[in-house]
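Grab a pencil and have a look at the chain below. A few exercises follow, each with a solution worked out step by step.

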Amino acid sequence: MEISGVISAIVIGCVIGVLGRLVVPGRQRIGILWTILVGIAAALVGSAVANGLDVQDTNGVDWIEWLIQIGLAAVGVTALDRAKSRR
């Protein structure tokens, strides 16, 4: 992977993480770094899921892929928040 691919994965992960966090109602007790890491993971897994469902390349904006990624980020943020609140 080239450096531009790594940088774009980080930027897209930040956006996906923040959008996933906005979808979850209430206050989350995780930091911005965890949000970014969850977003990066959700972006990578969401791209793989979209590829498996054959919806990764559509005409225009790939809305289905974005919705999958944001949904996974919301699940990740919720799971991490609950894990941190039990400590």
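## Exercise 1: Checking the length of a helix

Let's start with α2: at 1.5 Å a residue, its 21 residues should span 30 Å, and the end C-alpha atoms are indeed 30 Å apart, so the two agree. Keep in mind that this is a predicted model.

**Task.** How does the reach of α3 from its first C-alpha to its last fit what is expected at 1.5 Å a residue?

**Solution.**
- Step 1: Count the residues, and you get 23 for α3.
- Step 2: Take the expected span, which is 1.5 Å times one less than the number of residues. For α3 that comes to 33 Å.
- Step 3: Compare it with the model, where α3 reaches 33 Å, close to the expected value.

## Exercise 2: How α2 meets α3

**Task.** Work out whether α2 is parallel, perpendicular or oblique to α3, and find who makes the contact.

**Solution.**
- Step 1: Locate the helices: α2 covers residues 32-52 and α3 covers residues 63-85.
- Step 2: Look at the axes, which come within 8 Å and cross at roughly 140 degrees.
- Step 3: Roughly antiparallel needs an angle over 145 degrees, and roughly perpendicular runs from 65 to 115. The pair falls outside both, and that makes α2 oblique to α3.
- Step 4: Check the hand: α2 passes α3 in a right-handed crossing.
- Step 5: Name the partners. On the α2 side they include Trp34, Val38, Ala42 and Gly46, and on the α3 side they include Glu65, Gln69, Leu72 and Gly76.
- Step 6: Sort the contact residues by type, giving 12 nonpolar, 4 polar and 2 charged.

## Exercise 3: Bringing in α1

**Task.** At what angles does α1 pack with α2 and with α3?

**Solution.**
- Step 1: With α2, the angle is about 105 degrees and the axes are 7 Å apart. That makes α1 roughly perpendicular to α2.
- Step 2: Find the residues that meet. Among them are Ile10, Ile16, Gly17 and Arg21 in α1, facing a set in α2 that includes Thr35, Gly39 and Ala42. The residues of this contact divide into 11 nonpolar, 4 polar and 1 charged.
- Step 3: With α3, the angle is about 65 degrees, again with axes 7 Å apart. The crossing of α1 and α3 is right-handed.
- Step 4: Here the contact includes Ile16, Gly20 and Arg21 of α1, together with Trp66, Gln69, Ala73 and Val77 of α3. The tally is 9 nonpolar, 3 polar and 1 charged.

## Exercise 4: What gets covered up

**Task.** Which residues of α2 are buried, and what do they pack against?

**Solution.**
- Step 1: List them: Thr35, Val38, Gly39, Ile40, Ala42, Ala43, Gly46 and Ala50.
- Step 2: Find their cover, and you arrive at α1 and α3.
- Step 3: Turn to α3, whose buried residues include Ile68, Gln69, Ala73, Val77 and Asp81. What covers the buried residues of α3 includes α1 (3-23) and α2.

## Exercise 5: Three residues up close

**Task.** Are Ala42, Gln69 and Arg21 buried, partly exposed or exposed?

**Solution.**
- Step 1: The cut-off for buried is under 20% relative accessible area. Ala42 has 5%, so it counts as buried.
- Step 2: Leaving out residues up to four places away in sequence, Ala42 touches Ile16, Gln69, Leu72 and Ala73. The C-alpha atoms of Ala42 and Gly76 are 7.6 Å apart, though 34 residues separate them along the chain.
- Step 3: Gln69 in α3 has 4% relative accessibility, so it is buried. With the sequence neighbours set aside in the same way, its contacts are Ile16, Ala42, Ala43, Gly46 and Ser47.
- Step 4: Arg21 sits in α1, and its 21% makes it partly exposed. Apart from residues up to four places away, Arg21 touches Gln28, Ile30, Gly31, Ile32, Thr35 and Val77.

## Exercise 6: A residue with positive phi

**Task.** Where does Asp54 lie, and is Asp54 buried or exposed?

**Solution.**
- Step 1: Asp54 is in the loop between α2 and α3, just after α2.
- Step 2: Its phi is near 60 degrees, a positive value in a residue other than glycine. Most residues other than glycine have a negative phi.
- Step 3: With 60% relative accessibility, Asp54 counts as exposed.

Technical notes
Residues are numbered from 1 along each chain as its sequence is written. This is a predicted model: local features need pLDDT of at least 70, side-chain atom pairs count only at pLDDT 80 or more; totals for chains, interfaces and linings use all residues. Side-chain values use heavy atoms; hydrogens and water are left out. Axes are lines fitted to C-alpha atoms, for helices over the stretch in contact, and angles run from 0 to 180 degrees between N-to-C directions. Helices (H or I, at least four residues) and strands (E, at least two) are DSSP runs, numbered from the N terminus. Angles under 35 degrees count as roughly parallel, over 145 as roughly antiparallel, 65 to 115 as roughly perpendicular and the rest as oblique. A crossing is left-handed if the near helix is turned anticlockwise from the far one by less than a right angle, and right-handed if clockwise. Contact means heavy atoms within 4.5 Å. Ala, Val, Leu, Ile, Met, Phe, Trp, Tyr, Cys and Pro count as nonpolar, Asp, Glu, Lys and Arg as charged, and the others, Gly among them, as polar. Buried means under 20% relative accessible area, exposed over 50%, partly exposed in between (1.4 Å probe, protein chains only).
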